[in-house]
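Biologist: Hey, can you walk me through this protein? I'm new to reading structures.

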Amino acid sequence: PTMLDGTANQVYFSNSTGNVTEVALGAAATVLTSAGATSAPTFSAIPASGGTKVMTATGAIAGAGISVSLNSDGTVSTTADGRTLPSVGTFTDITGYSTSYTMGYVIGVYCADQDVVVVSWMDNHDSSGTWNNYKYKTAAASISGTTLTFGSIAEVDSATGQASSYGMGYDPDTYVIWYGWHREAGSSAYLRTATISGTTITLGTALNTTWSSGNATTQNSNTFAYDTDTNQMVASFGDYYGPHLYLAIASVSGGTITLGTAKDDTHGDLRIASNMLYMAALSRLVVMGGTGTTRTFASYSISGTTITSDQLTVMTGFGGDGQYASVNFMVPTTNTSKLFFGNMYAATNEDIEYNFLTVTAGSAFTKAYTPSQRLTAWGSSNVSQMCCDRVGTSDTFVIQTTRSSIYTVGTVVVTDLGTATPT
């Protein structure tokens, strides 16, 4: 064996001629890095990022594409962007009714400036117990951990037996809440705004759009989309029997709403405009509509208060019922030209089918899968309502459904916007 009498805290290696040689120590927090079998090693700084590293997980990781973090002992654990989702908080009774009453179309938005959630719903019974009141109501709740505390309930439309098919939107620039609904009498489409202070809602003046004398409907939760390029709100209504899809820039001053010239799109499937969102990277408004096995995707450009058609693509081969927003979804992904969308698979009414939509300004829409992928084993009862959102900064999508009064939650973890592993 080789015996050395060196100074303390030194590192030695055997060089290419077999002689034991000292390696010059690097600065603190540097590491000894090999330069291959024929060259001397050196101390170097740890790269800030990049490269491939082999690590050991503290336990089994459920699949590919899961975000992890490095622990102090060198192992890795799943982060909040992986499969583990926040636990459900305390359920809160909004109305406080002493008897069981039916409520429907419950939707909501988060107001970042006040850190409150604002929800709205159709109240089939009023507190008096009268059936068929169908009033459109709203309330705001403060958030503390997982607990919601609601303020007073306000009536967006107090006309008895009138309101149906509701929608909500939030303007992050002016902090205004938008409401849209269809009033049965006269089949009119209405808009109204509100400002929020704490959990107090102050409503503006309701506006009858007079867009349609037919069966105008807001088609639930995606009536509004916010144009982040021009800082404008887009309102939409569908006339089922027209058929028409009406789109218009909506502004408000002192609670009074002003509408730009309505874009009247008469493509049949768009009368059931189930979902609508604005893609800032493409400067395009995207609308999804359709029924049965057909989906229609349309894009629009916005200049001032003028909305102009860009592309319209009709896709077939779907198994779902896209007539209502409650049974389909369309959400952004980390890829600024792709959307994740899905719907109830009507052939069984128990499964969910999903796909990825590529959006290119001036070109037809394309989908990743033919046929669409399906989430099965979701139970033996029908999917009745559905919503989806993206978790964190990765492409982890949380799908929430109700199935014959059974509340279920599932996730789809996307690895590359073309491959998804349902769980």
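Modeller: Sure, we'll start with the basics and then pick out a few strands and loops.

Modeller: This is a predicted model, where local features need a pLDDT of at least 70, side-chain atom pairs count only at pLDDT 80 or more, and totals for chains, interfaces and linings use all residues. Residues are numbered from 1 along each chain as its sequence is written, and side-chain values use heavy atoms, with hydrogens and water left out.

Biologist: Okay, how many helices and strands are in the protein?

Modeller: Zero helices and 35 strands. Helices (H or I, at least four residues) and strands (E, at least two) are DSSP runs, numbered from the N terminus.

Biologist: And what percentage of the residues count as buried?

Modeller: The protein has 423 residues, and 43% of them are buried. Buried means under 20% relative accessible area, exposed means over 50%, and partly exposed is in between (1.4 Å probe, protein chains only).

Biologist: What about the accessible surface of the protein?

Modeller: That comes to about 19,900 Å², and 50% of it belongs to carbon and sulfur atoms. Accessible areas come from the Shrake-Rupley method with a 1.4 Å probe, and for residues only the protein chains shown count as cover.

Biologist: How many disulfides does the count give?

Modeller: Zero, by the rule used here, which takes a disulfide to be a pair of cysteine sulfur atoms within 2.5 Å. As for individual cysteines, cysteine 111 is buried with a relative accessible area of 1%, and cysteine 388 is buried with 11%.

Biologist: Switching topic: what's the average pLDDT of the protein?

Modeller: The average is 76, and 66% of the residues score at least 70. pLDDT is the predictor's confidence in each residue, from 0 to 100.

Biologist: Which elements have the lowest and the highest mean pLDDT?

Modeller: Strand 35 (residues 420–422) has the lowest, at 48, and strand 15 (residues 200–203) has the highest, at 95. There are also stretches to watch: residues 79–86 stay under 50, though the model gives them 23 contacts beyond four places in sequence. Residues 218–222 are below 50 too, with 32 contacts beyond near neighbours in sequence. A contact here means heavy atoms within 4.5 Å.

Biologist: Why should I care about low pLDDT?

Modeller: Because where pLDDT is low, the predicted coordinates should not be read in detail.

Biologist: Fair. Now, is strand 29 buried or exposed?

Modeller: Strand 29 (residues 351–358) has eight of its eight residues buried, so it is largely enclosed by the rest of the structure. In a regular strand the side chains alternate between the two faces of the sheet. On strand 29, Asp351, Glu353, Asn355 and Leu357 are on one side and Ile352, Tyr354, Phe356 and Thr358 are on the other, and all are buried.

Biologist: What does strand 29 pair with over eight bridges?

Modeller: Strand 28 (residues 338–345), in the antiparallel sense. Strands count as paired if DSSP finds at least two bridges between them. One bridge there puts phenylalanine 340 with phenylalanine 356 of strand 29.

Modeller: Strand 29 also runs antiparallel to strand 31 (residues 373–375), with three bridges, and tyrosine 354 stands opposite glutamine 373. Two more antiparallel bridges join strand 29 to strand 30 (residues 366–367), where threonine 358 faces threonine 366.

Biologist: What sits in the loop between strand 30 and strand 31?

Modeller: Proline 371 lies there, and the peptide bond leading into it from threonine 370 is cis, with omega near -5°. Most residues other than glycine have a negative phi, and most peptide bonds are trans.

Biologist: Which residue has a positive phi near 55°?

Modeller: Aspartate 115 is one of them. Aspartate 115 is in the loop between strand 7 (103–111) and strand 8 (116–123), and is partly exposed with a relative accessible area of 37%. Asparagine 231 also has a phi near 55°; its loop runs between strand 18 (224–227) and strand 19 (232–239), and asparagine 231 is partly exposed at 42%.

Biologist: Last one: how many residues of strand 24 are buried?

Modeller: Six of the six, so to speak mostly covered, in strand 24 (residues 284–289). Strand 24 pairs antiparallel with strand 25 (residues 295–303) over five bridges, including valine 286 opposite serine 299. The two strands form a hairpin with five residues between them, and glycine 290 in the turn has a positive phi of about 140°.
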